[in-house]
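Open the model in your viewer and keep the selection panel at hand. Each stop below tells you what to select and what is there.

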Amino acid sequence: AVDSTIRFIRYYWIARGQPQRDQFISIEQGYHGSSTVGAGLTALPNFHAGFGIPFDWQHKIPSPYPYRNPVGEDAASIIEASLAALRAKVEAIGPDRVAAFYAEPIQGSGGVIVPPKGWLQAMRDLCRELDILFVADEVITGFGRTGPLFACSEEEIVPDFMTTAKGLTSGYVPMGAVFMADHVYQVIADGAGASAVGHGYTYSAHPVSAAVGLEVLRLYENGLLENGVKAGARLMAGLEALRDHPLVGDVRGRGMLAALELVSSKTTKTPLPAEAQPARRIFDRAWDNGLVIRAFANGVLGYAPPLCCTDQDIDAILERTVKTLDQTLEDPDVRKALKD
Ligand SMILES: Cc1ncc(COP(=O)(O)O)c(C=O)c1O
C-alpha cells in the first residue's frame, strides 16, 4: 500500500505539470514498512543501516513523542513545534519540490507514540496550505484499532491518501489497500486519459482476501467495533491505574492500541538498564504469564489485543501485566538501577 501511494503521488504531480515535486517527508520513529521505498520513509535505524537508505528524496521531521519531547508535554507546544518543523523542512527542500507528507495517527512500531489531540488535524491543514499531499498511514490504526473505523475520523480529517492492511482482513489473510481522495483520483484519471495507469500486482484484489475482507467488514459493523470501544476503555482505564507502579513512567494509547513505558526513574525518565533486556526478558516473562505483548528494546510494552476481547479477557491482560511488572521489579539489575 505504501509503495502504491508513492507511485500514485508521483503520477499525480506529473499529471499536474509539476514533475519536480518528487521529495517526500515522514516522521522520526515512524514506520511505513520494509519494502525498498517504504523502508526509506520508515525512520527506525535498523531498517536503514546496511541497506543504503533512506534515499536522498526521503526526509524526516522530529516525532511529536509527548513523553520525551524537548518542548515538554504541553499539547499546544508540541503541535506548534511539529508545524514549525514541517514548515522549515519544506522551506529547506524547496516549497515547489515537496510531493507529500506521511504520518501515522499513532506511531505504532516506533513505540506506540500518541500525538496530542489536534495534532493530526493541524498537520493535515498545514499540508493543504503548503499544497502538499497528506498521507495517513492507517495500517495499524485502521479498522477499529483506536475505536472508530479509521483514526482520521476522530479528528474529522480527510487525508489525500490512506494506507491500510492488517485490520482490513483482521490479519487472517494478507491484503493491503490504498484509499485516495476523489480530487486526487480525478487528476490521475484525467492525466491518463485513454491510456491505462500501469499499476497492479500479481495478487491485486485477490478473491480469497477480498472475501475475507468483506466478511470482516460485516463483523466490524455488526458489533465488533462497538465491542472494541468498550474493551478499549476498560484496557486504558486499567493501564492508567498502573501509573503508580514504580517501573511505569508513561501510560498512553487510544482504544485497543496502548503502551506502558518503563523507566528506572520517573523524575529523570531514565530508561531501564540495557541488562534488563526488555525485548527479550520482559517479553519472555510476559509470554510465560500468558500475556502476548510487543516488548520494545527501550522498555516500551505495546498492547494491541483483538477487538473481540471480553471484560474477563481485558482483566486477565491487566492482571498478567501487574504480575510481569512485579517480577521485573525483583530483578537484581532493575532493583539496582531504580533511582526513586
Ligand atoms: C504503519 C505501518 N505502515 C505500513 C506497514 C507495512 O509494513 P510491511 O512492509 O511489514 O508490510 C506497517 C507494518 O507493521 C505499519 O505498521
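The tour goes from the ligand to its pocket, then to a cavity and two backbone features.

Keep in mind throughout that this is a predicted model.

**Stop 1: the ligand and its shell**

Select the ligand first. Which residues surround the ligand? Display Y31, H32, G33 and S34, then add E104, D137, V139, I140 and K166. By class, this shell is evenly split: three nonpolar residues, three polar and three charged.

**Stop 2: polar contacts of the ligand**

Turn on distances. Start with S34, where a backbone N or O atom lies 2.9 Å from an oxygen atom of the ligand. Move to D137. An N or O atom in the D137 side chain is 2.7 Å from a nitrogen atom of the ligand. Now pick K166. A polar atom of the K166 side chain lies 2.8 Å from an oxygen atom of the ligand. How much of the ligand's accessible area does the protein cover? On its own the ligand has 390 Å² of accessible area, and the protein covers 71% of it.

**Stop 3: the largest pocket**

Hide the distances and show a surface. The ligand sits in the largest pocket. The volume of this pocket is about 870 Å³. Its lining counts 42 residues, and those closest to the pocket centre are I140, R145, K166, G167 and A304. Two of these names should be familiar: I140 and K166 also belong to the ligand's surroundings.

Next, colour by secondary structure. Which elements give two or more residues to the lining of the largest pocket? They are α1 (2-15), α6 (207-240) and β11 (300-303). Select α6: with six residues, α6 gives the most to this lining. Now colour the pocket lining by class. You get 23 nonpolar, twelve polar and seven charged residues.

**Stop 4: the cavity**

Leave the pocket and look for enclosed space. How many cavities of 30 Å³ or more are there? The count is one. The largest cavity has a volume of about 50 Å³. To find the largest cavity, select P105, P115, P116, K117, W119, L120, E155 and R254, which line it. By class, five of the lining residues are nonpolar, none are polar and three are charged.

**Stop 5: a cis peptide bond**

Select I53 and P54 and show the backbone. Is the peptide bond from I53 to P54 cis or trans? The bond is cis, with omega near 5°. Zoom out a little to place P54: this residue lies in the loop between α2 (36-41) and β2 (58-61).

**Stop 6: a positive phi**

Finish at F143. F143 is not a glycine, yet its phi is positive, at about 60°. Trace the chain to either side. F143 lies in the loop between β4 (133-137) and β5 (161-164).

Notes: Residues are numbered from 1 along each chain as its sequence is written. This is a predicted model: local features need pLDDT of at least 70, side-chain atom pairs count only at pLDDT 80 or more; totals for chains, interfaces and linings use all residues. Side-chain values use heavy atoms; hydrogens and water are left out. A residue is near a molecule or strand if one of its heavy atoms lies within 4 Å of it. A polar contact is a pair of N or O atoms within 3.5 Å; within protein, one must be able to donate a hydrogen and the other to accept it, and residues adjacent in sequence count only if both atoms are side-chain atoms. Accessible areas come from the Shrake-Rupley method with a 1.4 Å probe; for residues, only the protein chains shown count as cover. On a 1 Å grid over the protein atoms alone, a cavity is a set of points where a 1.4 Å probe fits but cannot get out, and a pocket is an open set with protein on both sides within 12 Å along at least five of seven lines; lining residues have an atom within 4 Å of a point. A molecule sits in a cavity or pocket if more than half of its atoms lie within 2 Å of its grid points. Ala, Val, Leu, Ile, Met, Phe, Trp, Tyr, Cys and Pro count as nonpolar, Asp, Glu, Lys and Arg as charged, and the others, Gly among them, as polar. Grid points are joined across faces, edges and corners, and a volume is the space filled by probe spheres set on the points. Helices (H or I, at least four residues) and strands (E, at least two) are DSSP runs, numbered from the N terminus.
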